[in-house]
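User: I would like to go through this model step by step, with the reasoning set out before each answer. Please begin once the structure is on view.

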Amino acid sequence: MDESTYVVAMTGAGMSVESGIPPFRGVGGLWTKYGTPRMDGYADFKKDPIGWWNRRANKEADAHILELRDALEGAKPHAGHYALAEMEKRGAIQSVITQNIDGLDEKAGLKNLIEIHGNRTKLRCIECNERISLGSFVPLYAPKPCEKCDGLVKFDTVMFGEPIPDDVMTAARAEINKADCVITIGTSGTVRPASGLVWIAESAGATIVEINPNKTKLTALSKISLRSKAGSALPTLLNALIN
Ligand code: APR
């Protein structure tokens, strides 16, 4: 990191495990427990948005959504999130691309943050990408059409089968194109296009560092793998950088 000029962190669900939020794959993963959901959630939503919201209002959401929602309610950033924000403040990292929707990175003070899978406390117009922050209020019923373009409004969280909004994808690619070091933290490297960004960085000559207690699909790309949890590795890394 010291020798690099532009360091980008790519975080995944493992980054929030120590905040009490289950990951998706591996030990304690939601997909491990409930099976991976169908990939046509977005197509279902677009077919019948009102029906989708009504099912949600009647808590007919899938079991994994209900479990994830409960864990998200009380979640707070942990020492790893704060260490990452401090690294950004000190110029040790330049940006964070997160696959997480929990908003903990923003709560910990990260500024140059790209939420590639959206943020659970925001709504988004699927036509013009206008986003509305909800704060802690999470709607149960279908929101009004977009005030700007009358388009269909949904949660900002990217659904299975939904393309990544082009504005965040462009921003993420721009960060990756500038990176000469990418630190992957708590991601299995399973889901594209997020994981593909790490491959693009590596093929452009960036050094990849992995922080994950387990091997992942990105281990082979990584010059260094710290087999450690985010909550301990990141504060240790911060200390090493500032002392
Ligand atoms: N610290 C660091 N890493 C951890 C920790 C921890 N305390 N605990 C678990 N991990 C690692 C696991 O070893 C695993 O490699 O976090 C990773 C979590 O992997 P996934 O559950 O696959 O999460 P992620 O890579 O973010 O998934 C990407 O898949 O289902 C979609 O939209 C969902 O954004 C998610 C995407």
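User: Which residue in strand 3 is the bridge partner of Ile97?

Analyst: This is a predicted model, and in it strand 2 is joined to strand 3 (residues 113-115) by three bridges, with the two strands running parallel. Within that pairing, the residue of strand 3 that serves as bridge partner to Ile97 is Ile114.

User: And which residue of strand 2 is the bridge partner of Val8?

Analyst: Strand 2 also pairs with strand 1 (residues 7-11), again in a parallel arrangement, and four bridges join the two. The bridge partner of Val8 in strand 2 is Ser95.

User: Are the faces of strand 2 covered or open, and which residues show it?

Analyst: In a regular strand the side chains alternate between the two faces of the sheet, so each face has to be considered separately. In strand 2 (residues 95-98), Ser95 and Ile97 point to one side and are buried, while Val96 and Thr98 on the other side are buried as well. Both faces are therefore covered, as shown by Ser95, Ile97, Val96 and Thr98.

User: Where is Ile208 placed, and what is its relative accessibility?

Analyst: Ile208 belongs to strand 8, which spans residues 207-211. Leaving aside neighbours within four places in sequence, Ile208 is in contact with a set of residues that includes Val182, Thr184, Val198, Ala201, Leu221 and Ile224. Because buried means under 20% relative accessible area, Ile208 counts as buried, its relative accessibility being 1%.

User: How many Å separate Ile208 and Lys148 in space?

Analyst: In sequence, the two residues are 60 positions apart. Taken from C-alpha to C-alpha, the spatial distance between Ile208 and Lys148 is 41 Å.

User: Asn129 and Asp150 each have a positive phi; which is buried and which is exposed?

Analyst: Asn129, in the loop between strand 4 (122-125) and strand 5 (131-133), has phi near 65°, and Asp150, in the loop between strand 5 and strand 6 (153-155), has phi near 70°; neither residue is a glycine. The relative accessible area of Asn129 is 14%, so this residue is buried. At 61% relative accessibility, the residue that counts as exposed is Asp150.

User: Which peptide bond is cis, and where does its proline lie?

Analyst: Omega is near 0° for the bond from Arg192 to Pro193, which makes the bond cis. Pro193 itself lies in the loop between strand 7 (181-185) and helix 8 (194-203).

User: What radius of gyration does the protein chain have, and why does it agree with a compact globule?

Analyst: The protein chain contains nine helices and nine strands, and its C-alpha atoms fill a box of roughly 55 × 35 × 30 Å along the principal axes. A compact globule of 243 residues would have a radius of gyration near 18 Å, and the chain agrees because its own value is 18 Å.

User: What percentage of the residues is buried?

Analyst: Among contacts with a separation of 6 or more, 67% join residues 24 or more positions apart. The accessible surface of the chain comes to about 11900 Å², with 54% of it belonging to carbon and sulfur atoms. Of the 243 residues, the buried ones make up 50%.

User: How far apart are the centres of the positive and negative side chains?

Analyst: The protein chain carries 29 positive and 29 negative side chains. The centres of these two sets are separated by 3 Å.

How values were computed. Residues numbered from 1 in each chain as written. Predicted model: local features only at pLDDT ≥ 70, side-chain atom pairs only at ≥ 80, totals over all residues. Heavy atoms only, no water. Buried < 20%, exposed > 50% of the residue type's maximum accessible area, 1.4 Å probe, protein only. Contact = heavy atoms within 4.5 Å. Rg over C-alpha atoms; globule rule 2.2 N^0.38 Å. Areas by Shrake-Rupley, 256 points an atom, 1.4 Å probe, with all protein chains shown as cover. Lys, Arg positive; Asp, Glu negative; His and termini not counted. Charge placed at Lys NZ, Arg CZ, Asp CG, Glu CD. Pairing = 2+ DSSP bridges.
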